[in-house]
Amino acid sequence: QVQLVESGGGLVQTGGSLRLSCTVSGRTFRNYHMGWFRQAPGKEREFVAAISWSGDSTSYADSVKGRFTISRNNAKNTVYLQMNSLKPEDTAVYYCNAVDNIATTRPLWSWGQGTQVTVSS
């Protein structure tokens, strides 16, 4: 059974930075493309960023390009999301998941508990 554990969220001021982590167990992590998603109150969950299994390719939602960076460490079964220049509209619960590929970004597994990111204005 796959387990996703997201961490690193918190309260930050506009313009600040956070680094999220997601550790995966129960699957061979290095075999999967991984993605980050977010869900704001009253909104649908949306794609944020994805990274190929090797780490060689990435993709981003237009709203975060140039501000967020996704990376992974296959030895630690962990995917990261470095978030810089945060804006109030980035406030959401952030989730990681495996994805079918970095273009279509369809989630493959059940969701974890997520980590809350709140950006104050």
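Okay, let's start in the middle of the thing. The largest nonpolar core has 29 residues, and the ones that touch the most other members are Trp-36, Val-79, Leu-81, Met-83 and Tyr-94. As for who contributes, β3, β4, β5 (46-51), β7, β8, β9 and β10 (115-120) each put in at least two residues. Before I go on, keep in mind that this is a predicted model.

Let me pick Val-79 out of that list. What is Val-79 in contact with, once you leave aside its neighbours within four places in sequence? Quite a roll call: Leu-20, Ser-21 and Cys-22, then Phe-29, Met-34 and Trp-36, then Ile-51, Ile-70, Ser-71 and Arg-72, and finally Cys-96. Hold on to those two cysteines, we'll come back to them.

Now the sheets. One is an open sheet of four strands, and reading across you get β1-β3-β8-β7, with antiparallel pairing. At the edges sit β1 (3-7) and β7 (68-73), each of them paired on one side only. From one strand to the next, the twist averages 15°. Inside that sheet, β3 and β8 (residues 78-83) run antiparallel and are joined by six bridges. If you want a spot to click on, Thr-23 is opposite Thr-78 in β8.

The other one I want to show is an open sheet with six strands, and here the pairing is mixed: the order goes β2-β10-β9-β4-β5-β6. Why do β2 (10-13) and β6 (58-60) each have one side without a neighbour in the sheet? Because they stand at the edges, and each has a single partner strand. Twist in this sheet averages 25° from one strand to the next. A quick reminder for the room: strands in a sheet pair through backbone hydrogen bonds, and that can be parallel or antiparallel. For β4 (residues 33-39) and β9 (residues 92-99) it's antiparallel, with seven bridges between them. Gly-35 is the one facing Asn-97 in β9.

Right, back to the cysteines. How many disulfides turn up in a search of the whole structure? One. It's Cys-22 with Cys-96, and the sulfur atoms are 1.7 Å apart. The partners come from distant parts of the chain, 74 residues apart, with Cys-22 in β3 (residues 18-25) and Cys-96 in β9. So are they buried or exposed? Both Cys-22 and Cys-96 are buried. And remember Val-79, which has both of those cysteines among its contacts.

That's my tour, over to you.

Definitions and conventions. Residues are numbered from 1 along each chain as its sequence is written. This is a predicted model: local features need pLDDT of at least 70, side-chain atom pairs count only at pLDDT 80 or more; totals for chains, interfaces and linings use all residues. Side-chain values use heavy atoms; hydrogens and water are left out. Two strands pair if DSSP finds at least two bridges between them. Axes are lines fitted to C-alpha atoms, for helices over the stretch in contact, and angles run from 0 to 180 degrees between N-to-C directions. A disulfide is a pair of cysteine sulfur atoms within 2.5 Å. Buried means under 20% relative accessible area, exposed over 50%, partly exposed in between (1.4 Å probe, protein chains only). A nonpolar core is a set of buried Ala, Val, Leu, Ile, Met, Phe, Trp, Tyr and Cys residues joined through side-chain atoms within 4.5 Å. Contact means heavy atoms within 4.5 Å.
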